[in-house]
Every structure is written in structure tokens, then in C-alpha cells.
Amino acid sequence: MGITTVPVSGGNTKRQIMLIQDFKPQVICSTPSYALHIAEKMREQGIDPKETSLKYGIFGAEPWSEEMRNTIEQKLGIKAMDIYGLSEIVGPGVSIECMEEQDGLHIQEDHFLFEVIEPDTNERVPDGEYGELVITSLKKEALPIIRYRTGDIAAINREKCSCGRTTARMTRVKGRIDDMLVIRGVNVFPFEMERSLLNVKELTPHYQLFLSKDGHLDAVELSVELSEESYVRCQQNLEHAEVSRLKQQLQTAIKQECLVSIDIDVKPPKSIPRSEGKAVRIVDKRMEQTVN
Ligand SMILES: [Zn+2]
């Protein structure tokens, strides 16, 4: 296809930006959170992330939402596609979205057999229903994988895709069975909070969730940060009425989306740690506290 890859691995963002400028690639492949970090660093260096050679992005290795896709597409001026894979199977590329529809990841069905099961009963669920993905490799020889339980939660759609590919598609991964947080008895996926956060334009897409125990109850605090512009608008004062309004707005949205009440901590821009790989978004101190 006349395509070459520039294998640079992760980290060293300055170097990544230099390579994007020197080699002028059309496609970038990373975690979604790292793509946002690169865009932010470009702006700091006076480079407009929308003006680079990049046209498409392939992102995976952490759950991300449709709202996160819109943010990345706007900030980098690219089309963003979701990719899925597991090291135990072949790494990335078990399934990927087509750029025509960006609606579900086409499964490489000639290589893998996909099933979706109800994790508690091990029974298969009908197409369209969420459950745990179970994968069987059809062509691997040295290390065949048979009915491997991925721990990832998604659904399968076998409807025809307008791009012309005939393979089944899986939804984006909603989370891992072990990512699911049980907060005061309610099942919550961090990804659902992310959706609410990204709808508040005055806040950046970076966040961290802290879980602790307040007596016997779970206490949850979501750390978010103001965008540079809103920070200036609030005269760099986190007690500003605008900040309280944003807190309230986000709290209400999360309550509606996830059915839990949480505390919100609004921080100045760039105070949440950025990741060069998979973002550390959940800090769960509940077990530590029980042990102590
Ligand atoms: Zn398609």
C-alpha cells in the first residue's frame, strides 16, 4: 500500500512533535489521553495542532467516550478511530472502526470468533446486548486461545455497515469488569463520568477520581481543571461564582448519568498529572483504609 510506519513508542513528547513535523505522517496511533497531551504541548510550543500533516488518529488501550472523540477531533483537526486488541491475543488490531462510519469496530472475523456472555452465568447474550467479550483465535498456531474471557464489556452488532465491509462490529469497550466501580452500591463506569465532564466546555478533558471511605460510606471526589480561558475569566480565583456554577452543573449531570452524588474539586489549569501512556484516572484508597 506504500505505507510506512514510524515506530517511536510512547513518551518524550517533544520528540514526538519533532517527528510529526519532520516525517509528516498522516496517521497517529496512541492512547486517547496521550493524543490530547501532544496537542496541548504543541500549543505550548506555538504550533497549531490542526495545521500538522495529521489527518487520522487510531486510538485505544483505554476506554474513551464519544465526547472524547469529538474533543480530540476538534483539537487535532483529525478523524479519530477506535482500535481494540489484547496482548494475550495479538495486541492491537483485533478490531478497528472504519473511517466511513466510525460506528463500532469491525472485528477481524476471519481470525477471531467473538462471543458476548453474561459474566455471572456464562450464558451468551443476544446481539446488541452488553456483556463480557470472549474470544477464540482461529488461525493462531503456537499459542491458540480458546474461549478467552477478556474482562472487557461490549456488545456485538451484525448489521451491514455502509463502508461495505461485511464483518460484525463491536461497540466501543464500555469498561473492564474490574474497572467497574461500586459506589454506595451503584455500578459506575468512569467512562460515564467522562461523558458528563466533556460536555462542560469551561473544563479540560483531564480528570482524576479519588475514592475513599467516610465512615462506612464511600466518598468520591472528582478532580477536574479549568481551561486557561475560564481561569482568566475567573480572575484566577477558584472561589469565583463561575467556578461554583460549573461545579453545580457537573454534579447535576453526573447525578443524572451515573445516579451517584460526588464531590467536585476544581483545580487551576494543568494541575492534573498528564500521562504518556494509559492515564491513571482512578485512585482508590478504600482498601488501604480498611487495612489500616
Ligand atoms: Zn464500516
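**Figure 1. The largest nonpolar core of the predicted model contains 25 residues.** Within this core, the residues with the most contacts are Met-193, Leu-203, Leu-222, Val-224 and Leu-250. At least two core residues are supplied by each of β12 (181-183), α4 (190-198), β14 (203-214), β15 (217-226), α6 (241-258) and β16 (263-267). Helix α6 gives the largest share, five residues. The structure shown here and in the following views is a predicted model.

**Figure 2. Surroundings of Leu-250, one of the residues with the most contacts inside the largest nonpolar core.** When neighbours within four places in sequence are left aside, Leu-250 is in contact with Ser-196, Leu-197, Val-200, Leu-203, Leu-222, Val-224 and Ile-264. A second, separate core comprises 19 residues, including Ile-28, Ala-39, Trp-64 and Met-68. In soluble globular proteins, nonpolar side chains tend to be buried together.

**Figure 3. Helix α4 is mostly covered, and its axis lies 8 Å from that of helix α3.** Eight of the nine residues of α4 are buried: Pro-190, Phe-191, Glu-192, Met-193, Glu-194, Ser-196, Leu-197 and Leu-198. Helix α3 (residues 66-76) packs with α4 at an angle of about 45°. The two helices are therefore oblique to each other. On the α3 side the contact is made by Glu-67, Met-68 and Thr-71, and on the α4 side by Glu-194, Arg-195 and Leu-198. By class, the residues of this contact comprise two nonpolar, one polar and three charged. Among the α4 residues of the contact, Glu-194 and Leu-198 also belong to the buried set of this helix.

**Figure 4. Helices α1 and α2 cross at roughly 80°.** The axes of α1 (residues 13-23) and α2 (residues 32-44) come within 10 Å. With that crossing angle, the helices are therefore roughly perpendicular to each other. Helix α1 contributes Thr-13, Gln-16, Ile-17 and Ile-20 to the contact, while α2 contributes Tyr-34, His-37, Ile-38, Lys-41 and Met-42. Five of the residues in the contact of α1 with α2 are nonpolar, three are polar and one is charged.

**Figure 5. An open sheet of seven strands, with helix α2 lying across β1 and β2.** The strand order is β1-β2-β3-β4-β5-β10-β9, and the pairing is mixed. Strands β1 (27-30) and β9 (156-157) form the edges, each pairing on one side only. Strand β2 (residues 56-59) pairs with strand β3 (residues 79-86) in the parallel sense over four bridges. Within this pair, Phe-59 has Asp-82 of β3 as its bridge partner. Helix α2 runs at about 125° to β1.

**Figure 6. An open sheet of four strands with antiparallel pairing.** The strands follow the order β6-β7-β8-β11. At the edges are β6 (112-117) and β11 (175-176), each of which pairs on one side only. Strand β7 (residues 131-137) is joined to strand β8 (residues 148-154) by four bridges in the antiparallel sense. Here Val-134 stands opposite Arg-149 in β8, and Ile-135 stands opposite Tyr-148 in β8. Strand β8 also pairs with β11, again antiparallel, through two bridges. In β11, Arg-176 is the bridge partner of Asp-152. Strand β8 is mostly covered, with five of its seven residues buried.

**Figure 7. The β14-β15 hairpin and the pairing of β14 with β17.** Strands β14 and β15 run antiparallel and are joined by nine bridges. Gln-208 stands opposite Ser-223 in β15. Two residues lie between the strands of the hairpin, where Gly-215 takes a positive phi near 70°. Strand β14 also pairs with strand β17 (residues 282-284), in the parallel sense and over three bridges. In that pairing, Leu-209 stands opposite Ile-282 in β17. Both β14 and β15 supply at least two residues to the largest nonpolar core.

Technical notes:
Residues numbered from 1 in each chain as written. Heavy atoms only, no water. Axes fitted to C-alpha atoms, helices over the stretch in contact; angles between N-to-C directions. Parallel < 35°, antiparallel > 145°, perpendicular 65-115°, else oblique. Contact = heavy atoms within 4.5 Å. Nonpolar A, V, L, I, M, F, W, Y, C, P; charged D, E, K, R; others polar. Pairing = 2+ DSSP bridges. Core = buried A, V, L, I, M, F, W, Y, C linked by side-chain atoms within 4.5 Å. Buried < 20%, exposed > 50% of the residue type's maximum accessible area, 1.4 Å probe, protein only.
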